[in-house]
Amino acid sequence: MSSASKARIAVVLTVLAAMPATAVLASDEMLRVSMNHARVLKLDRPVSKVIIGNSKVADATVADARTIVLTGRSFGTTNLVLLDAQGNAIVDERVIVSIDEGNTVRVFRQTARTVLSCTPNCEEHSPNESASAGTSASQ
């Protein structure tokens with residue numbers, strides 16, 4: 001290994017060591033939910049207040065004092081904050097809402113792309129959605 005490669009590795013390790021653990025693990029701490037699907041969150045203590053940053057992206061419903069149902073409304077990211085009776089944060093997480101890739105078909109016409117959600121009938125989901133890898137339709 002060259003001295004330049006060793007120096008780069010040392011710099012990366014130094015930067016990672018200086019970062020707080022939450023920054024290093026941030027990608028693992030996101031709540032993921034598919035659009036038009038619900039996810040049940042079980043809490044270790046009762047929730048008093050539910051806050052969603054952008055209710056157009058996701059919605060949270062209190063099923064009971066320790067159970068929250070998080071529903072994806074549209075593409076995007078937002079955040080979810082759950083507070084207990086004393087105002088302490090029980091949960092403070094980013095929420096990512098995406099489409100269920102297993103039930104989509106992409107139609108390519110030259111530079112235009114249409115995404116169809118097929119659950120069970122195919123309907124146009126989002127014209128010219130930003131691409132993920134691949135050039136063939138999936139279903």
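This is a short tutorial dialogue on reading the strands, core and salt bridges of a predicted model.

User: Let's start wide. How many helices and strands does the chain have, and what pattern do they follow along the sequence?

Analyst: There are 2 helices and 10 strands. Going along the sequence, the pattern reads α-α-β-β-β-β-β-β-β-β-β-β. Keep in mind that you're looking at a predicted model.

User: And what share of the residues is buried?

Analyst: The chain has 139 residues, and 28% of them count as buried. Its accessible surface is about 9,100 Å², with 53% of that belonging to carbon and sulfur atoms. Contacts are worth a look too: among those between residues at least 6 apart in sequence, 46% join residues at least 24 apart.

User: OK, sheets. How do I read a strand order such as β2-β5-β4?

Analyst: The general idea first: strands of a sheet pair through backbone hydrogen bonds, either parallel or antiparallel. Here, β2, β5 and β4 make an open sheet of 3 strands in that order, with antiparallel pairing. β2 and β4 are at the edges with a single partner strand each, so one side of each has no neighbour in the sheet. On average, neighbouring strands in this sheet are turned by 25° against each other, ignoring direction.

User: Can we zoom in on one pair there? How many bridges join β4 to β5?

Analyst: The antiparallel pair β4 and β5 is joined by 6 bridges. The two strands form a hairpin, with 2 residues between them. For the register, look at D59, which stands opposite T71 in β5, and at T61, which stands opposite V69 in β5.

User: What is the strand order in the open sheet of 4 strands?

Analyst: That one runs β1-β7-β6-β3, and its pairing is mixed. β1 and β3 are the edge strands, each pairing on one side only. The twist from one strand to the next averages 25°.

User: Which residues are bridge partners in β6 and β7?

Analyst: Strand β6 covers residues 76–83, and strand β7 covers residues 89–98. They pair in the antiparallel sense over 8 bridges. In β7, D92 is the bridge partner of V81, and E93 is the bridge partner of L80. The hairpin of these two strands has 5 residues between them, and G87 in that hairpin takes a positive phi near 85°. β6 also pairs with β3 (residues 49–52), again antiparallel, over 4 bridges. One register point for that pair is K49, whose bridge partner in β6 is L83.

User: Now the core. Which residues have the most contacts inside it?

Analyst: In soluble globular proteins, nonpolar side chains tend to be buried together. In this model, the largest nonpolar core has 20 residues, and L43, I68, L70, L80, L82, V95 and V97 have the most contacts inside it. β1, β4, β5, β6 and β7 each supply at least two residues of this core. The largest share comes from β7, with 4 residues.

User: Take L80, then. Which residues is it in contact with, leaving aside neighbours within four places in sequence?

Analyst: L80 is in contact with L31, L41, V50, I51, I52, A60, V91, D92, E93 and V95. E93 in that list is also the bridge partner of L80 in β7.

User: Last topic: how many salt bridges does the count come to?

Analyst: Side chains of opposite charge can pair when their charged atoms come close. The count here comes to 2 salt bridges. In one of them, R45 pairs with D84, with the closest N and O atoms 3.4 Å apart. R45 is in the loop between β2 and β3, and D84 is in the loop between β6 and β7, so the pair ties together parts that are 39 residues apart in sequence.

User: Are R45 and D84 buried or partly exposed?

Analyst: R45 has 32% relative accessibility and counts as partly exposed. D84 has 8% and counts as buried.

User: Where does R73 come in, and how far apart are the closest N and O atoms?

Analyst: R73 forms a salt bridge with D59, and the closest N and O atoms are 3.1 Å apart. This pair links R73, in the loop between β5 and β6, to D59 in strand β4, 14 residues apart. R73 counts as partly exposed at 40% relative accessibility, and D59 is partly exposed with a relative accessible area of 27%.

Key:
Residues numbered from 1 in each chain as written. Predicted model: local features only at pLDDT ≥ 70, side-chain atom pairs only at ≥ 80, totals over all residues. Heavy atoms only, no water. Pairing = 2+ DSSP bridges. Core = buried A, V, L, I, M, F, W, Y, C linked by side-chain atoms within 4.5 Å. Buried < 20%, exposed > 50% of the residue type's maximum accessible area, 1.4 Å probe, protein only. Contact = heavy atoms within 4.5 Å. Salt bridge = Lys/Arg side-chain N within 4 Å of Asp/Glu carboxyl O. Areas by Shrake-Rupley, 256 points an atom, 1.4 Å probe, with all protein chains shown as cover. Axes fitted to C-alpha atoms, helices over the stretch in contact; angles between N-to-C directions.
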